[in-house]
Amino acid sequence: MVVVLVSCALVTGGLLAYVNHVTEGPIALQSEKTLADGIKTVMGGGNLRVTANDTVRQDMGGKTYLFVVHKTSQGGKEIGAAVESTTQGFGGDLKVLVGFDHQGTILGYTILSSSETPGLGAKAGQWFQKDGKGNIIGKSPAKSDLTVSKDGGDVDAITASTITSRAFLKAVNQAYHAYMRKAVDGHSGASQQVKKG
């Protein structure tokens with residue numbers, strides 16, 4: 001009995017490893033295509049070129065967050081950046097891609113991955129768009145309070161999904177701060193040093 005169970009476990013493990021190896025490449029290609037399409041969408045479309053992919057590490061509220069800033073150009077002129085940002089939503093990680101111009105105005109966004117409740121939290125993909133009830137397009141976190149109105153902010157939360165709305169807006173605000181810090185910090189990607197004294 002033990003030999004049969006061990007044999008079944010080994011065969012099953014081997015099959016899973018093989019399937020994982022076979023599907024790894026296509027999954028990576030699909031992820032790259034999704035990101036490239038997302039960058040084009042959030043930056044307003046057109047003939048865009050990504051000129052740099054910088055990783056920014058920021059400590060916020062005792063936690064370390066990583067952001068990827070995709071600087072973009074059009075016709076040889078830099079037009080801003082698309083920033084990947086991840087926060088904890090209601091159902092798990094919520095990963096968004098937000099496009100900013102040089103002044104930090106939001107050009108667009110897309111949800112890269114979400115574990116939110118279908119029908120409620122999943123509405124974040126449309127709710128905050130230009131024609132949505134919680135429109136954030138054309139706004140800047142420096143000039144508008146991009147938090148939900150229940151918390152005193154300027155944005156209407158998704159009906160019956162305040163936790164997802166808070167998580168989404170947190171991801172957008174953190175993406176803004178990562179982008180603006182990167183714009184100020186130059187091209188090094190280095191963390192700002194704090195002098196101890």
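1. In which helix is the place of Leu 10? Leu 10 sits in helix H1, which covers residues 2-42, where helices are DSSP runs of H or I of at least four residues, strands are runs of E of at least two, and both are numbered from the N terminus. The model is a predicted one, in which local features need pLDDT of at least 70 and side-chain atom pairs count only at pLDDT 80 or more, while totals for chains, interfaces and linings use all residues. Residues are numbered from 1 along each chain as its sequence is written, and side-chain values use heavy atoms, with hydrogens and water left out.

2. On the overall layout, the protein has 3 helices and 5 strands, arranged from the N terminus as α-β-β-β-β-β-α-α. Of its 197 residues, 36% count as buried, a term that stands for under 20% relative accessible area, with exposed meaning over 50% and partly exposed in between (1.4 Å probe, protein chains only). Among contacts (heavy atoms within 4.5 Å) with a separation of 6 or more, 47% join residues 24 or more positions apart.

3. On the surface, the protein exposes about 11,500 Å², of which carbon and sulfur atoms supply 57%; such areas come from the Shrake-Rupley method with a 1.4 Å probe, and for residues only the protein chains shown count as cover. Val 2, Val 6 and Leu 10 form a nonpolar surface patch with about 310 Å² of accessible area together, and Leu 10 itself is exposed, at a relative accessible area of 62%. Patches are made of residues with over 30% relative accessible area and no salt bridge, like charges being joined within 9 Å and nonpolar side chains (Val, Leu, Ile, Met, Phe, Trp, Tyr) within 5 Å.

4. Helix H1 deserves a check on its geometry. Its 41 residues should span 60 Å at 1.5 Å a residue, and the end C-alpha atoms are 56 Å apart, which agrees; the expected span is 1.5 Å times one less than the number of residues. H1 nevertheless bends by about 35 degrees at Glu 24, with the proline Pro 26 following within four residues, the bend being the angle between axes fitted to the seven residues ending there and the seven starting there.

5. Which residues of H1 are buried? They are Gly 38, Ile 39 and Val 42, and the buried residues of H1 pack against strands S1 (48-60), S2 (63-74), S3 (77-88), S4 (93-100) and S5 (106-114). After H1 comes Gly 44, whose phi is positive, near 95 degrees.

6. The count of salt bridges comes to 3, each being a side-chain nitrogen of Lys or Arg within 4 Å of a carboxyl oxygen of Asp or Glu. Within H1, Lys 33 and Asp 37 meet at 2.8 Å, N to O, and the two lie 4 residues apart, about one turn of the helix. Lys 33 is partly exposed at 46% relative accessible area, as is Asp 37 at 38%.

7. In the second pair, the closest N and O atoms of Glu 84 and Lys 95 are 3.2 Å apart. Glu 84 lies in strand S3 and Lys 95 in strand S4, so this salt bridge ties together parts that are 11 residues apart in sequence. Glu 84 is buried, with a relative accessible area of 10%, whereas Lys 95 is partly exposed at 28%.
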